[in-house]
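Please work through the exercises below with the coordinates open, and attempt each task before reading its solution.

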Protein chains: 6
Amino acid sequence: MEISVSRKSHFNAAHRLNVAHWSPEKNKEVFGTCNNANYHGHNYDLIVTVTGEIDEETGYLIDTKILKDVIKEEIEDRFDHRNLNLDTEEFRTLNPTAENIAVVIWNLIRKRLNNHLKLNIKLYETERNFVEYSGN
Amino acid sequence: MEISVSRKSHFNAAHRLNVAHWSPEKNKEVFGTCNNANYHGHNYDLIVTVTGEIDEETGYLIDTKILKDVIKEEIEDRFDHRNLNLDTEEFRTLNPTAENIAVVIWNLIRKRLNNHLKLNIKLYETERNFVEYSGN
Amino acid sequence: MEISVSRKSHFNAAHRLNVAHWSPEKNKEVFGTCNNANYHGHNYDLIVTVTGEIDEETGYLIDTKILKDVIKEEIEDRFDHRNLNLDTEEFRTLNPTAENIAVVIWNLIRKRLNNHLKLNIKLYETERNFVEYSGN
Amino acid sequence: MEISVSRKSHFNAAHRLNVAHWSPEKNKEVFGTCNNANYHGHNYDLIVTVTGEIDEETGYLIDTKILKDVIKEEIEDRFDHRNLNLDTEEFRTLNPTAENIAVVIWNLIRKRLNNHLKLNIKLYETERNFVEYSGN
Amino acid sequence: MEISVSRKSHFNAAHRLNVAHWSPEKNKEVFGTCNNANYHGHNYDLIVTVTGEIDEETGYLIDTKILKDVIKEEIEDRFDHRNLNLDTEEFRTLNPTAENIAVVIWNLIRKRLNNHLKLNIKLYETERNFVEYSGN
Amino acid sequence: MEISVSRKSHFNAAHRLNVAHWSPEKNKEVFGTCNNANYHGHNYDLIVTVTGEIDEETGYLIDTKILKDVIKEEIEDRFDHRNLNLDTEEFRTLNPTAENIAVVIWNLIRKRLNNHLKLNIKLYETERNFVEYSGN
């Protein structure tokens, strides 16, 4: 029987939405104010959920302290107080939409987890806009 | 690989729970204070979630601006600051329980989305009572 | 030295904003959709705050259980699942704006508290619109 | 077609994480401050979700009043304002991790629901750490 | 007798903390990661509170629709989806700390309100860091 | 002109309400389930607010990093994952009501701040019960 354990975290970053091979006009038309040349920013709220079987001895699926450390090392240290477009390898060419950020986060955390654990990422760009990705 | 994009919205409405072919006594017994003849009301919080594949060029599943506009046209313009029982076609005979409101919202938004997108509706009647519907 | 103790509560009610001696046109112009003839509704969140000196023996300013009971008897039993305009004495002629509801609640709770306690009422009509009243 | 209805509740309890047949050193190493001999505590937020088909006559899947009463009788009356390790049968030998508490709650509520209803339990130990269990 | 009416709003912006006549080393030492050369960003939550006497005829202190429009025109249209340091007149030389942003917002809204109304600004830079300013 | 800067924090602790020189019956009567002999617990949310004048050069009233460190050293390290009655000097004889905890926290932080700064403490025992203390 499977259980899910979730850990909530957050990071603050600047970004802009822009497709490099499009004209400025097309970028403006598709992305609107999100295309602003000098960037804008968000407090991203992140919920990392892992799913698997409870260890009968400890009663843990995973120690949330471990999950907290993985999130800090892979996500917060990389993206917090950064400009996603300029300061990170991941979004130098990839457009930092909430969708793409969630997929990147999923890949970064996936390689740090045991294979028998499933992973789900929920990313809030604002309280009203959020995305969810499970790698399926 | 599929991703989900969600947009949160809200509307304020009056309603009462009542089954027309029941006696007042039975309605009172089943629905309690929710049957109050002069109506009561709620701030309904609505989360609309669409699921599908990311467009590789834009990095979007769907522009949340589009989702916002669909929700405004189909849901807010129809139900916000209304009496669900008296002012709307949808609930003239259908009992406006949270369950039925969620199904009605699902049907209204479903017809505005491309067929390849899945749709999930989460509706909060209060912070403590909420329903979820996926059309499955 | 003074301390404040707050208790959060809520009630769900229907209402409409309307000034009886105005024309329908003027009411519509001033109150917009809030004037809808068949009412709309809200989940009202209420925070009741009392201020005074800590009892040295108990370490309480006031038992929040007492505050909870006063709020239930004076506010929830009176307004919850009601139509404020039609079902309550307080708003038969008084326009049930958030401001007026807060003043009415303040007066109802004030008479149940010891004179040496100060009282503040915070009333959320929605998450985005709220009022505060201290009787000063 | 299936719908889910959720009811949010909460209880406040003390607990400590400890495996009886481990040494104090190992317990301290694995559970850290959560192993504190004199206990610590949490405001547990609980979301109980049941899934099934809407009753066509009432428009209800389940009356949330019934759900509220079941949660009160099975969970709040048993765990609220208690020490999970000392005051409850369920955790006298079972380690009260969030995972184990969720499974225990699932079993307690499962036996009170009709067989045709599915059950999901979401338990927040803190705003940042939570678990989810469906019995699958 | 005075009442307060509040309206919550939000805007998303990029910024960096930097004092122009300081060395890069001193800026880094004082502002840490908030000094990041390529900016970072926030979802700023804003609560605008006005205080005064209720109009006896309407039952309003102020129509929150008016407050909403003033906030949109003065704050959202100016700061939302912008880089505070590069895209706005207000912070070209003024360091965009939460404190300074709150004072700037207070001044912008103050000139749009009647003199008999008091004004308070609460600005959340994150859920955990916020400031409040009343012009006193 | 004064501004307020707030920092939100939290700690999880066990406690019971009990007056040592009262009989068990009187303690039970006054404090109800909060008197449970084996303790219960809470996630305490803490908002520390300091008020003073903005430094014109930095644009800061106080670096929230400093506030964060003071809260960690004085409050979290002392109370988090502890039994307030058994594990802390402060509540060995003082009844750990929310009121008394707020006063203790105020005194602990007050001695770490410059004299020209005012201090306010807001402490949430639950989402529905909270207290506020300013030392006046």
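The exercises that follow concern a predicted model, and they go from one chain interface to salt bridges and then to a single serine.

**Exercise 1. The interface of chain C and chain B**

Task: Describe the interface of chain C and chain B by its residues, its buried area and its polar contacts.

Solution. Step 1: Begin with the residues, of which chain C brings 19 and chain B brings 19 to the contact. Step 2: Turn to the area, which comes to about 1,600 Å² buried between chain C and chain B, with carbon and sulfur atoms giving 46% of it. On the side of chain C, the residues that lose the most area to chain B are N38(C), N43(C) and H81(C), and together they account for 36% of what that side buries. Step 3: Examine the pairs across this interface, where the rule finds zero salt bridges but 17 residue pairs in polar contact, both residues being at pLDDT 80 or more. Step 4: Assign the residues of chain C to elements; strand 1 (2–15), strand 2 (40–53), strand 3 (82–83) and helix 3 (84–87) each supply at least two residues of the side that touches chain B, and strand 2 gives the most, with four residues. Step 5: Sort that side of chain C by class, which yields five nonpolar, eleven polar and three charged residues.

**Exercise 2. Chains without contact**

Task: How far apart are the closest C-alpha atoms of chain C and chain D, and how far apart are those of chain A and chain F?

Solution. Step 1: For chain C and chain D, the closest C-alpha atoms lie 14 Å apart, and no contact joins the two chains. Step 2: For chain A and chain F, the closest C-alpha atoms lie 14 Å apart, and here too no contact is found.

**Exercise 3. Three salt bridges**

Task: The structure holds 60 salt bridges over all chains; place three of them in the fold, and state how buried or exposed their partners are.

Solution. Step 1: In chain A, the side chains of E90(A) and R78(A) meet in a salt bridge at 2.9 Å, N to O. Because E90(A) lies in the loop between helix 3 (84–87) and helix 4 (98–110) while R78(A) lies in helix 2 (residues 64–79), the pair ties together parts that are twelve residues apart in sequence. E90(A) is partly exposed at a relative accessible area of 22%, and R78(A) is partly exposed at 25%.

Step 2: In chain B, E74(B) and R78(B) form a salt bridge at 2.8 Å, N to O; they are four residues apart in helix 2 (residues 64–79), so about one helical turn separates them. E74(B) is buried, with a relative accessible area of 7%, whereas R78(B) is partly exposed at 26%.

Step 3: In chain E, the side chains of R112(E) and E73(E) meet at 3.0 Å, N to O. R112(E) sits in the loop between helix 4 (98–110) and strand 4 (118–124), and E73(E) sits in helix 2 (residues 64–79), so this salt bridge ties together parts that are 39 residues apart in sequence. R112(E) is partly exposed at 35%, and E73(E) is partly exposed at 42%.

**Exercise 4. A serine in a loop**

Task: Where in chain D is S23(D) found, and which backbone nitrogen does its side chain reach?

Solution. Step 1: S23(D) is found in the loop between strand 1 (2–15) and helix 1 (24–31) of chain D. Step 2: With 33% relative accessibility, S23(D) counts as partly exposed. Step 3: The side chain of S23(D) reaches the backbone nitrogen of K26(D) at 3.0 Å.

Definitions and conventions
Residues are numbered from 1 along each chain as its sequence is written. Chains are lettered from A and ligands numbered from 1 in the order in which they are written. This is a predicted model: local features need pLDDT of at least 70, side-chain atom pairs count only at pLDDT 80 or more; totals for chains, interfaces and linings use all residues. Side-chain values use heavy atoms; hydrogens and water are left out. Buried means under 20% relative accessible area, exposed over 50%, partly exposed in between (1.4 Å probe, protein chains only). A polar contact is a pair of N or O atoms within 3.5 Å; within protein, one must be able to donate a hydrogen and the other to accept it, and residues adjacent in sequence count only if both atoms are side-chain atoms. Contact means heavy atoms within 4.5 Å. Buried area is the accessible area (1.4 Å probe) that two parts lose on being put together, summed over both. A salt bridge is a side-chain nitrogen of Lys or Arg within 4 Å of a carboxyl oxygen of Asp or Glu. Ala, Val, Leu, Ile, Met, Phe, Trp, Tyr, Cys and Pro count as nonpolar, Asp, Glu, Lys and Arg as charged, and the others, Gly among them, as polar.
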